[in-house]
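Hi,

Here is the structure I promised to pass on to you. Have a look at it first, and then read my notes underneath.

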Amino acid sequence: MSDRFIFTKHRTDCYHCKQVADQIIKAVPNKAQVACDNCGATRVFVPRIQEVAQPGSFTPIGKYPVWELVQDAECRNCHTTGLHDITVGTRHLSVRCRKCGFTHFYKFDLEFIAKDELKIH
Ligand SMILES: [Zn+2]
Ligand SMILES: [Zn+2]
């Protein structure tokens, strides 16, 4: 089984370089990260809770806009491939199966700038 769970991108203005660029979102059960395709600013999230939850349960009201994305993924709980709601905030990230409600909730851990890696194209 592949351990790639979520792999998608969201085009928006980057909090770091302020450019409109693809923000690459990857999540596996033990880690999630969001990286700017332009400047390499990367935010790493670590898992906190995994449980069946109501939509929006893990979405704190914050002052920054939250990205709400939808992607197909294989659920770790009900083992079907179907739509998952992905919510990305500045301090949290969650992935929720629409079928059974199983939610992976990650909290912000650290950030770094992977400039060199991305500039070699
Ligand atoms: Zn950037
Ligand atoms: Zn499920």
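Below is what I found, going from the overall fold down to single residues.

One thing to keep in mind from the start: this is a predicted model. The protein has one helix and eight strands. If you follow the chain from beginning to end, the pattern reads β-β-β-β-β-β-β-β-α, so to speak a run of strands with the helix at the end.

**The sheet**

The eight strands make an open sheet with antiparallel pairing, and their order across it is 1-2-3-4-8-7-6-5. At the edges you will find strand 1 (6-13) and strand 5, each of which pairs on one side only. On average, neighbouring strands in this sheet are turned by 25° against each other, ignoring direction. In case pairing is new to you: strands of a sheet pair through backbone hydrogen bonds, and they can do this in a parallel or an antiparallel way.

**Strands 5, 6 and 7**

This is a nice corner to practise on. Strand 5 (67-74) pairs with strand 6 (residues 81-88) in the antiparallel sense, over eight bridges. The two form a hairpin with six residues between them, and His 79 in that turn has a positive phi of about 55°. Strand 6 also pairs with strand 7 (residues 92-97), again antiparallel, over five bridges. That makes another hairpin, with three residues between strand 6 and strand 7.

Now try tracing a path across these strands. Which residue of strand 6 is the bridge partner of Leu 69? Look for Ile 86. Carry on from Ile 86 and you reach Val 95, which stands opposite in strand 7. Right beside that path, Glu 68 stands opposite Thr 87 in strand 6. As a general point, side chains in a regular strand alternate between the two faces of the sheet.

**The core**

Overall, 21% of the 121 residues count as buried. The largest nonpolar core has 15 residues, and those touching the most other members are Ile 25, Ala 27, Ala 32, Val 88, Leu 93 and Tyr 106. At least two residues of this core come from each of strand 2 (20-28), strand 3 (31-36), strand 4, strand 6, strand 7 and strand 8 (102-113). Strand 3 gives the largest share, four residues. It is a general tendency of soluble globular proteins that nonpolar side chains are buried together.

Ala 32 is a good one to click on. Leaving out residues up to four places away in sequence, Ala 32 touches Lys 26, Ala 27, Phe 45, Leu 93 and Tyr 106.

**Far apart in sequence, together in space**

Of the contacts between residues at least 6 apart in sequence, 46% join residues at least 24 apart. Two pairs are worth finding on screen.

Start with Glu 51, which sits in strand 4. Is Glu 51 buried or exposed? Glu 51 is exposed, because 12 other C-beta atoms lie within 10 Å. From Glu 51 to Thr 103 is 52 residues in sequence, but 5.4 Å in space, C-alpha to C-alpha.

Then go to Gln 54, in the loop between strand 4 (41-52) and strand 5. Gln 54 has 9 C-beta neighbours inside 10 Å, so Gln 54 counts as exposed too. Gln 54 and Cys 100 are 46 residues apart in sequence, with 9.8 Å between their C-alpha atoms.

Have fun exploring!

How values were computed
Residues numbered from 1 in each chain as written. Chains lettered and ligands numbered in written order. Predicted model: local features only at pLDDT ≥ 70, side-chain atom pairs only at ≥ 80, totals over all residues. Buried ≥ 20, exposed ≤ 12 C-beta atoms within 10 Å, placed from the backbone. Pairing = 2+ DSSP bridges. Core = buried A, V, L, I, M, F, W, Y, C linked by C-beta atoms within 7 Å. Contact = placed C-beta atoms within 7 Å. Axes fitted to C-alpha atoms, helices over the stretch in contact; angles between N-to-C directions.
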